[in-house]
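Here are two exercises to work through with the model open beside you. Try each task before you read on.

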Amino acid sequence: MKKKKNSPIRPKRPRRPAGRTRPEDQGRVNVGQGKTGPAQAPAGEDGLDLLASGEVNIPGQIPVLPVRDIVVFNYMILPLFVGREKSVHAVDAALGGDRYILILTQKDEAKDDPGKDDVYQVGTVGMIMRMLKMPDGRLKVLVQGLARARVKRMVSEEPFHLAEIEPLPERPAGALSPQQEALMRASREQSEKILSLRGISSADIMSVLNSVNEPGRLADLIASNLRMKVAEAQAILECVDPVKRLEMVSAQLVKEVEVASMQNKIQSMAREGMDKAQREFFLREQLKAIKRELGDSGDETEEIEDLRRAIHKAGMPKEVRKEALKQLGRLESMHAESSEATVIRTYLDWMTELPWKKQSRDRLDVKAAAKILDEDHYDLQKVKERILEYLSVRQLNPKMKGPILCFVGPPGVGKTSLGRSIARSLGRKFHRVSLGGMRDEAEIRGHRRTYIGSMPGRIVQGVKLCATRNPVFMLDEIDKLGTDFRGDPSSALLEVLDPEQNFSFTDHYLNVPFDLSKVMFICTANVLDTIPRPLLDRMEVIRLPGYTEQEKVKIARRYLLPRQIKDNGLGESEAEIPDRVVSKIIRDYTREAGLRNLEREIGSVCRKMARKKAEGENGPYRATAANLHEYLGPPQFLDEEKERRLPPGVAVGLAWTPVGGEILHVEVTTMPGKGKLILTGKLGEVMKESAQAALSIARAHADKYGIDPAFNEKMDIHIHVPAGATPKDGPSAGVTLVTALISALSGRPVCADVAMTGEISLRGRVLPVGGIKEKILAAVAQGMKRVIIPAQNKKDLEEVPEELLKRVAVQTVKRIADVWPLACGTPLAAQKRTRAEKAPAKSLQTEKPRT
């Protein structure tokens, strides 16, 4: 069903409601191209005359005509185009009878065959005044609204909708009150204001509105000519109270006045801008004519031709080249000094400078690449093997996509420098982008060209700087991405780091696809917890744990010392720092997983040597273990921190942090009380739950460990984990907590050279944990002789260097019962015999607090 949309109140329109016609024009309607003719009404009277005389006799069942996007009101005359088969049959049935038809509005205008539930149940009974068959088979009918009616039920739906209806008589308004009179007057004034804002002569229309003295008829007359949504117009149609209906129309009039005022303001501003643009155009044309007379008019044409040649030489794909030439055509038709021309010129510069086809040739010599990797980095065999595997596959399959790697490890282990080394070994360009703190999605996808100062995202900028489509692209600190109202950069990276999608990456600024599948993306992170799961799933994670002391000494000898000696202006023979001095620096001045602090301390030693040289002192300058404090001051970490003997209630645990492994002392003390458990040391929820589980295990197996079964009723237990200002959490401390608790309750100390890690369960199992290599590194650095780990973590020992395992004994346990004999160094059976041979123990209630 097609129709002509309602228009605002205006004079001499073809669809003028009968209430706006002059008495001498009754019975005449406008159809076609402005031609007028007598309306066809039954018995020589039109529908409005029948309404006025009260002679309308609407049958109980009449055909239904569903219409789209329009609501028909009483006193409304409008043409409708009928094309649907059922609608055509309905019109034929109405013309074959008394010409009455029920006009119902569709709820969803997309429905081609609406049913009962697809139309509103309240509509307008109309009279078909005229019908004309169109050449394409459609009907053009002129319909006049007569009365409101509600559908009681649908009698039939074939071959057309036939409905049983119930007329909705309008409530009599009675004598007008001052409030109603004021409402009608306000509605007329608002209508006149709308006409004035739209520049329509309102004299004739206002005379018609002033002649209407019934609120309901005035409401229908105005509503039939207002621009409203279908739902709002339908609500007005369904209201049978004339005063309330006029109030609803008045509210719509107020809204329409605001819209018309704003539209008028916008048109005025646009007109002023157009006048200014026309003036500028006239002046520029004059300037162009002057330049032509002076012979200076060839610059613009030459620039256009240069851009055209650059587009054809850039090697763009067909669709991209088509878009670039389209923008070039727009630029050619603009004035060179207009602001939009500047935007298009900048856009075309970006398009022509991008490496659409240019790429660097990979160095596919695997042995040469391995040599370069070994020159730049010590150890890191897993990473080197992955790069050499990639080169090997590239030799066999040159069309393979670039890998997406993610290096995860503590700060200072060489993640970023490793990326540069990979680019050097492959013979590719290297570009690094820091993602730390990035919160704007446009940093990745670029800004749309509608914004002032818009530019492509960091990905496209980096590719342009490298001038090759297959660089090594490092996304540094990917675990520190942020998000705010400007978007989520991590979501934008999903397309960049997906090999199945990044071959057609679309930057918002370019608005054309760019192939990133040849780029080798390398991401770096300290932790994986903050990386969104979908993003992490797209990357191949390679872990870079911390270095052992021996590895640090070799790295310092090969890389750090030569670089610092050179940077501080010393000769190779002038600075002497033996390996044992480097080891002392590592132990006493730096305790970290990486190498940054070590290089900083070595640099400090070299600077003091450089000062001696600048003051005229003759070299060589030698640092020894005895005079190291003269260069670096007193040691920051002392071996005396490790106690030779631990008191009962203290156990040494191992923890993992983003900067490597650390040891963790767990202290437990008991005191007379009623079984209260006190937890301090800024523990997290997981660690608190581990402490509760440790207490439950100690109570359940008290007899096994020689503990008074009623200890929970006689004493309070305080568990503390230094340092108190550092937040601590995680399940790895479960074994340490239960060992320290049993030690405090049984009075037996734990060996001072034993460190442990593992999660516990109430069934007595020791569960696996992560970060085994980092934890063993921390234990060795603190001088521990033995480390207790879960049996399921035995597979992780393959990643621990052999020289590290020679310095510490790693013992695996499956159950908590296996931990205690290893922790205190005495078999459990011997402990029981020793406990039984002792004299009757004092009541735990009278014992002094133990720490």
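**Exercise 1: Strand partners**

Start at Pro63, which sits opposite Leu162 of strand 9 in this predicted model. Now work out how strand 9 is paired on each count below.

*Task.* In which sense do strand 4 and strand 9 pair, and over how many bridges?

*Solution.* Take strand 4, residues 61-67, and set it against strand 9, residues 162-167. The two pair in the antiparallel sense, over three bridges.

*Task.* Which residue of strand 8 should you look for opposite Leu162, and how many bridges join strand 8 to strand 9?

*Solution.* First find Ser156: Leu162 in strand 9 is what stands opposite. Next, follow strand 8, residues 139-156, along strand 9; the two run antiparallel and are joined by six bridges. Finally, look at the link: strands 8 and 9 make a hairpin, with five residues between them.

**Exercise 2: A helix pair**

*Task.* How do helix 22 and helix 24 pack: what are the angle and the distance between their axes?

*Solution.* Begin with the geometry. Helix 22 (residues 685-700) packs on helix 24 (residues 734-746) at about 45°, and the axes lie 9 Å apart. Helix 22 is therefore oblique to helix 24. As for handedness, the crossing of these two helices is right-handed.

Then go through the residues in contact. Helix 22 brings Met687, Ser690, Ala691, Ala694, Leu695, Ile697 and Ala698, while helix 24 brings Gly734, Leu737, Val738, Leu741 and Leu745. Last, sort them by class: the contact between helix 22 and helix 24 has 10 nonpolar residues, two polar and no charged ones.

Note on methods: Residues are numbered from 1 along each chain as its sequence is written. This is a predicted model: local features need pLDDT of at least 70, side-chain atom pairs count only at pLDDT 80 or more; totals for chains, interfaces and linings use all residues. Side-chain values use heavy atoms; hydrogens and water are left out. Two strands pair if DSSP finds at least two bridges between them. Helices (H or I, at least four residues) and strands (E, at least two) are DSSP runs, numbered from the N terminus. Axes are lines fitted to C-alpha atoms, for helices over the stretch in contact, and angles run from 0 to 180 degrees between N-to-C directions. Angles under 35 degrees count as roughly parallel, over 145 as roughly antiparallel, 65 to 115 as roughly perpendicular and the rest as oblique. A crossing is left-handed if the near helix is turned anticlockwise from the far one by less than a right angle, and right-handed if clockwise. Contact means heavy atoms within 4.5 Å. Ala, Val, Leu, Ile, Met, Phe, Trp, Tyr, Cys and Pro count as nonpolar, Asp, Glu, Lys and Arg as charged, and the others, Gly among them, as polar.
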